[in-house]
Amino acid sequence: MPKVTIDGHSIEVPEGTTILQAARMIGGEIVPPAMCYYSSLKGSGGYCRTCIVRVAQGSAKDPRPMPKPVASCRTPVMDGMVVENITSPEVLEARKGVVEFLLINHPLDCPVCDQAGECDLQNLSFAHGTEKTRYEFPRRTFEKKDIGNYIKLHMTRCILCYRCVKVADQITDERVHGVMNRGDVAEISTYIEKAVENDFSGNMIDVCPVGALTDRTYRFKSRVWFLNPMDAHRDCKKCSGKAVLWMHGEEIYRVTARKDQNAEVKEFICNECRYDKKDVKQWVVEGPRHIDRTSVISANHYEDLNSLKHAIGEQQKKLQEKITQKTSGI
Ligand code: SF4
Ligand code: FES
């Protein structure tokens, strides 16, 4: 098995593993950010360049460094490879440039964007962005579009990562949208204003790393950090039925698929679970969802509050039992 060293951490990985996958196996702050790669979507990656790293030594056989930064999501590991991510000032500087490009046309919408608090671009610009833009030209503007009953497209926020296109290709029956045109006129669009309507289309919202695709049933209802994410499941014939309910008290504000520590969905859910089951009685609630990815939600205290509520409930139960025992003894 090839052995790779990333920022001083060595690991042996199966043949064909990419640098990004190897870094994720090591974990922690050495994992490069990824805006377009998505492990459960075939052919994803290679579009955004946020995952660039420096290969300081190509392999044990050929120790020469690679001449320029490479996309870690597309570069397979070689035995003896030495990679630098956060230990390379050159990579950090180049990544700043990538983020500046991604933000050239991106509006400063965070205060009103539904994705705020769980937006990969927000996190990326927090870590690698600059305070000011050097861009002086007019930005691209687009009308907001309803693409189907459930999804609203804000093209100004799109970073053309192609994830939603891959979802439509690989998970839904028929793709009716894609990236039209090229260069600075490229845009996500449905052909001839067709609506995106199929059982798994809602997953496009979950994979969108920014707020370009928003859930029309949830838009502007709440900031995500005011909600309590709860793991829940139901018997579903179309999908696994395993979801996260974003709750405010007893009310379900939105339903999403479950995301892992890399903000990726492993089990996609159907539109019936996502949009039609908004009554808590239709679900078996398992308990608070632990959010361990970079997100403002992980700073929330809903898990503590729930364990606190549980502990208080248990104490009350015991107290009640004691009172009952005493009164029956009298
Ligand atoms: S709409 Fe979202 S998922 Fe689709 S290409 Fe744009 S940023 Fe990526
Ligand atoms: S995550 Fe590698 S190029 Fe986008």
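**Entry 1: strands 3 and 4.** I began with strand 3, residues 52-57, which two bridges join to strand 4, the two running antiparallel. I looked for a residue pair to anchor this and found Val 53, whose bridge partner in strand 4 is Val 70. A reminder to myself before going on: this is a predicted model.

**Entry 2: the other neighbour of strand 3.** Next I turned to strand 5 and asked how many bridges pair it with strand 3. I found three, again in the antiparallel sense. Here Val 55 stands opposite Val 83 in strand 5.

**Entry 3: the whole sheet.** I then wrote out the strand order, which is 2-1-5-3-4. The sheet is open, has five strands and shows mixed pairing. Which strands sit at its edges? I noted strand 2 (9-12) and strand 4 (70-71), each of which pairs on one side only.

**Entry 4: helices on this sheet.** Helix 1, residues 19-26, packs on the sheet and touches strand 1 (3-6), strand 2, strand 3 and strand 5 (81-84). I checked its direction against that of strand 1 and got about 75 degrees. Helix 2 packs on the sheet too, touching strand 3 and strand 5. For helix 2 the direction makes about 155 degrees with that of strand 3.

**Entry 5: helix 2 against helix 3.** I stayed with helix 2 (residues 89-103) and looked at how it packs with helix 3 (residues 120-128). Their axes are 10 Å apart, and the angle is about 135 degrees. Angles over 145 degrees would count as roughly antiparallel and 65 to 115 as roughly perpendicular, so I wrote this pair down as oblique. The crossing of helix 2 past helix 3 is left-handed.

Which residues meet there? From helix 2 I listed Arg 95, Lys 96, Val 99, Leu 102 and Leu 103. From helix 3 they are met by Leu 121, Leu 124, Ser 125 and His 128. Sorted by class, this contact has five nonpolar, two polar and two charged residues.

**Entry 6: a three-stranded sheet.** Further along the chain I picked out an open sheet with the order 6-7-10 and antiparallel pairing. Why do two of its strands have a side without a neighbour in the sheet? Strand 6 (145-146) and strand 10 (213-215) are at the edges with a single partner strand each, so one side of each is left free of a neighbour there. Strand 7, residues 151-153, is joined to strand 10 by three bridges, and the two run antiparallel. In that pairing I found Leu 153 opposite Leu 213 of strand 10.

**Entry 7: the ligand.** I went to ligand 1 and counted 14 residues around it. The closest are Cys 158, Cys 161, Cys 164, Cys 208 and Ala 212. Is the shell nonpolar or polar? I got 13 nonpolar residues, no polar ones and one charged.

**Entry 8: a hairpin.** Strand 8 (residues 177-180) and strand 9 (residues 187-190) are joined by four bridges and run antiparallel. Met 180 stands opposite Glu 187 in strand 9. These two strands form a hairpin with six residues between them. I checked the turn and noted that Asn 181 has a positive phi of about 65 degrees.

**Entry 9: strand 11 and its partners.** My last stop was strand 11, residues 228-233. With strand 12 (residues 242-248) it pairs in the antiparallel sense over six bridges. I marked Asp 231, whose bridge partner in strand 12 is Val 244. Strand 11 is also joined by four bridges to strand 14 (residues 284-288), again running antiparallel. There I marked Ala 232, with Val 285 of strand 14 as its bridge partner.

Note on methods:
Residues are numbered from 1 along each chain as its sequence is written. Chains are lettered from A and ligands numbered from 1 in the order in which they are written. This is a predicted model: local features need pLDDT of at least 70, side-chain atom pairs count only at pLDDT 80 or more; totals for chains, interfaces and linings use all residues. A residue is near a molecule or strand if its C-beta atom, placed from the backbone, lies within 6 Å of it. Ala, Val, Leu, Ile, Met, Phe, Trp, Tyr, Cys and Pro count as nonpolar, Asp, Glu, Lys and Arg as charged, and the others, Gly among them, as polar. Two strands pair if DSSP finds at least two bridges between them. Axes are lines fitted to C-alpha atoms, for helices over the stretch in contact, and angles run from 0 to 180 degrees between N-to-C directions. Angles under 35 degrees count as roughly parallel, over 145 as roughly antiparallel, 65 to 115 as roughly perpendicular and the rest as oblique. A crossing is left-handed if the near helix is turned anticlockwise from the far one by less than a right angle, and right-handed if clockwise. Two residues are in contact if their C-beta atoms, placed from the backbone, lie within 7 Å.
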